[in-house]
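Let's walk through this structure together, one stop at a time. Keep the viewer open and find each residue as we reach it.

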Amino acid sequence: MSKTGTTKTGTTEKPDPWRVPVAVAQIPETGLHRDIEADQAIRNAVADVGGLREVLSVQASFDVTPKSGGSFQVAGYVRARIGQTCVVTLEEIETDIDEPIDLIFAPPEQIPQMAALVDEAEQGDEETPDPPEPIENGMIDLGRVATDALYLAVDPYPRKPGAVFEPVVEAADPEDHPFAALKALKAEPKKSGTRKPKGK
């Protein structure tokens, strides 16, 4: 395969529509608080990548706290108002999302070791922590964190409040059933076959 191929920027990897990188080297020991809000262009991109009709608003709030071993806790929430289409009535509806976020980011070289600890915890009775996210190029992308949380919170089958899927039930017509046509075909030969065969 040629090196000019689109392996990295091909269709397999979705672009990040919202980027708010924070350099971990610049995060103070006391931690960092960031409030972010997406403008119209970013909202359009978030809707496009996420397959949403529209994103009317999206904002997030984060506290980034240093932990031991060069890892960081990212806690906060993402709040958004999105436009979707009701799967029952096909009407345009708006949905509010309020998704809590609590992640650990760690240097990439620590991920395998930390993932092994998560696997061990899974075998116990305690609640299993999520494996950490990698710190990429010394950055934690808060925009990506917010977008991922938003996409996870989206209902793939949105319904308008009170909309209930009811199959169409029509009044039973004895002449309108799957075998009605077959019955008609069977009835025809009888009409034409009333004459007696010759020679009797």
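Please start at Asp141, and keep in mind that this model is predicted. Which residues does Asp141 touch once its neighbours within four places in sequence are left aside? They are Trp18, Arg19, Val20 and Pro21. One of these, Val20, also takes part in a polar contact: its backbone nitrogen is reached by the Asp141 side chain at 2.8 Å. Asp141 itself belongs to strand 7, which covers residues 139-141. Is Asp141 buried or exposed? Its relative accessibility is 9%, and because buried means under 20%, Asp141 counts as buried.

Next, move to helix 1, made up of residues 40-50. At its start, Asp39 brings a side-chain oxygen to within 3.3 Å of the backbone nitrogen of Ala41. Further along, you will find buried residues at Arg43, Val46, Ala47 and Val49. What do the buried residues of helix 1 pack against? Their partners are strand 3 (54-66) and helix 3 (142-153). After helix 1 comes Gly51, with a positive phi near 70°.

From here, follow strand 3 into its pairing with strand 4 (residues 72-85). The two run antiparallel and are joined by 12 bridges. To see one pairing up close, look at Ser57, whose bridge partner in strand 4 is Arg81. Strand 3 and strand 4 form a hairpin with five residues between the strands, and there Gly69 has a positive phi near 70°.

Strand 4 also pairs with strand 5 (residues 92-106). How many bridges join strand 4 to strand 5? There are 14, and these strands run antiparallel. Gln73 is a good place to look, as it stands opposite Ile104 in strand 5. This hairpin has six residues between its strands, and in the turn Leu90 shows a positive phi of about 65°.

While you have these strands in view, recall that in a regular strand the side chains alternate between the two faces of the sheet.

Our last stop is Ser61, back in strand 3. With a relative accessible area of 8%, Ser61 is buried. Its side chain makes a polar contact of 2.7 Å with the side chain of Asp35. Not counting residues up to four places away in sequence, Ser61 touches Asp35 along with His33 and Arg34, and also Ala75, Gly76 and Tyr77.

Methods: Residues are numbered from 1 along each chain as its sequence is written. This is a predicted model: local features need pLDDT of at least 70, side-chain atom pairs count only at pLDDT 80 or more; totals for chains, interfaces and linings use all residues. Side-chain values use heavy atoms; hydrogens and water are left out. Helices (H or I, at least four residues) and strands (E, at least two) are DSSP runs, numbered from the N terminus. Buried means under 20% relative accessible area, exposed over 50%, partly exposed in between (1.4 Å probe, protein chains only). A polar contact is a pair of N or O atoms within 3.5 Å; within protein, one must be able to donate a hydrogen and the other to accept it, and residues adjacent in sequence count only if both atoms are side-chain atoms. Contact means heavy atoms within 4.5 Å. Two strands pair if DSSP finds at least two bridges between them.
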